[in-house]
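Student: I have a sequence and a model in front of me, and I would like to learn how to read such a fold step by step. Could we go through it together?

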Amino acid sequence: MKTVKLNNNRLFPVLGVGTLFATKAGEAEQLVKDAIDIGYRHIDTAMIYQNEKEVGAGIRAKIAEGVVKREDIFLTSKLWCTYHKPEHVVPACKKSLSDLGLDYLDLYLIHWPVAFKEGDDLWPKDTNGKVICTDVDYVETWKAMEQCVKLGLAKSIGISNFNTQQIKRVLEVATITPAVNQIECHPYFNQSKLIAFCKEQKITITAYSPLGSPNSIAKDDAPAPLRDPKLHKIAKKYKKSMAQVILRYLIQHGTVPIPKSSNKKRLQENFDIFDFELSSADVATIDGLDRNFRVCAFSEGIGDKNYPFSIEY
């Protein structure tokens, strides 16, 4: 597996596997086992996915089999919105590690800059069914995230779904620069401006929903990326699938994509993208497909002062 170097000199596999929606009994564990057997070494999960126990079980099983060592795996998890108060950050990280059955995370991210009311309910709601947000400042949350590194709970820390203004605020107080910003990124939403900004700050981009969540994109009757005729033409040229072309594009675009699939055949297909390279002309064609169309709007945070999508990027 090829890697890129994070700003703390740790190696980050350029392709990962996402585990969002792998919530059926046994699904996440089998996904992780299949992915490791195929050659994936970068696994992405989160507290809110509620599958950390199974993800950890899959990793531990492959370690026990001798397929990998713990240091071969790059594991990411994320701090959920109900744990933003500084005093709750380290305990939340420890809870994730306990559920995973592992001693450390390779990367721990603030999942969203928006804070929710603290408590056992991960989606606390008022009587009208609206999620209850609080005024915890993500800058204070970040300071506590740094403790996770100092305590050896996480090798690297970062952010997710932060815009440029929010990143600047974090950088003003950070003694540890965020290693990663995980954001939605696909051919219909290529995030060029945010990627360029993060590159200037030496923050690596992880691309979630890299295939554009094909079942949910619909704007002006436009086809989803996996049905786009221009992408189809490029895929035919390279004798690759459209998904392979998109993932290859995102790597050449400067991101680390984390496609999700519980289908072993698709996991293998998504992995087989290192034997070709898109020409600059084809990259430019895919750049031109951008529609500034976001799939994941995080509607629960709309109206909160820290909602990240209120500005352009």
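The dialogue below goes from the whole chain to the sheet, then to the cores and single residues.

Student: Before I trust any detail, what kind of model is this, and how many helices and strands does the protein have?

Tutor: This is a predicted model, and everything I tell you is computed from its atoms. The secondary structure of the protein comes to 10 helices and 12 strands, and along its principal axes the C-alpha trace spans about 55 × 50 × 40 Å.

Student: What radius of gyration does the protein have, and what would a compact globule with 313 residues have?

Tutor: A compact globule with 313 residues would have a radius of gyration near 20 Å, and the protein has 19 Å, so the two agree. Two further values fill in this picture: 56% of the 313 residues count as buried, and, among contacts with a separation of 6 or more, 74% are between residues 24 or more positions apart. The protein exposes about 13,800 Å², of which carbon and sulfur atoms supply 48%.

Student: Turning to the sheet, what is the order of its strands, and is the pairing parallel or antiparallel?

Tutor: The general idea is that strands of a sheet pair through backbone hydrogen bonds, either parallel or antiparallel. Here an open sheet of 8 strands has the order β3-β4-β5-β6-β9-β10-β11-β12, and the pairing is parallel. The edges are taken by β3 (17-18) and β12 (255-257), each of which has a single partner strand, so one side of each is left without a neighbour in the sheet.

Student: Which residues stand opposite each other as I step across from β3 to β4 and from β4 to β5?

Tutor: Strand β3 is joined to β4 (residues 42-44) by 2 bridges, and Gly-18 stands opposite Asp-44 in β4. Strands β4 and β5 then pair over 3 bridges in the parallel sense, with Asp-44 standing opposite Thr-76 in β5. To get from β4 to β5 the chain passes through helix α2 (residues 52-64), in a β-α-β crossover that is right-handed.

Student: How many bridges join β5 to β6, and how many are there between β6 and β9?

Tutor: There are 4 bridges between β5 and β6, which run parallel, and Lys-78 has Leu-109 in β6 as its bridge partner. Here too the crossover is right-handed, with the chain going from β5 through helix α3 (residues 86-100) to β6. Strand β6 (residues 105-110) in turn pairs with β9 over 5 bridges, and Tyr-108 has Ile-157 in β9 as its bridge partner. Beyond that, 2 bridges join β9 to β10 (residues 180-184), and β9, helix α5 (residues 164-173) and β10 make a right-handed β-α-β unit.

Student: How many residues of β5 are buried, and how many of β9?

Tutor: In strand β5 (residues 74-79), 6 of its 6 residues are buried. In strand β9 (residues 154-160), 6 of the 7 residues are buried, so this strand is largely enclosed by the rest of the structure.

Student: Which residues touch the most other members of the largest nonpolar core, and which helix gives the most to this core?

Tutor: That core has 89 residues, of which Leu-75, Trp-80, Tyr-108, Leu-278 and Phe-298 touch the most other members. Helix α8 (residues 242-252) gives the most to this core, with 8 residues. A second, separate core of 8 residues includes Leu-6, Phe-12, Leu-109 and Ala-179.

Student: What covers the buried residues of α8?

Tutor: The general idea for an α-helix is that it has 3.6 residues a turn, so residues three or four places apart point the same way. In α8, 10 of its 11 residues are buried, and what covers them includes α7 (229-238), β12, α9 and α10. The helix is followed by Gly-254, whose phi is positive, near 95°.

Student: Where is Leu-278 placed, and is it buried or exposed?

Tutor: Leu-278 lies in the loop between α9 (264-271) and α10 (280-287), and at 4% relative accessibility it counts as buried, the cut-off being under 20%. Not counting residues up to four places away in sequence, Leu-278 touches residues including Val-245, Arg-248, Tyr-249 and Gln-252.

Definitions and conventions:
Residues numbered from 1 in each chain as written. Predicted model: local features only at pLDDT ≥ 70, side-chain atom pairs only at ≥ 80, totals over all residues. Heavy atoms only, no water. Pairing = 2+ DSSP bridges. Core = buried A, V, L, I, M, F, W, Y, C linked by side-chain atoms within 4.5 Å. Buried < 20%, exposed > 50% of the residue type's maximum accessible area, 1.4 Å probe, protein only. Right-handed = clockwise from strand over helix to strand, strands pointing away. Rg over C-alpha atoms; globule rule 2.2 N^0.38 Å. Contact = heavy atoms within 4.5 Å. Areas by Shrake-Rupley, 256 points an atom, 1.4 Å probe, with all protein chains shown as cover.
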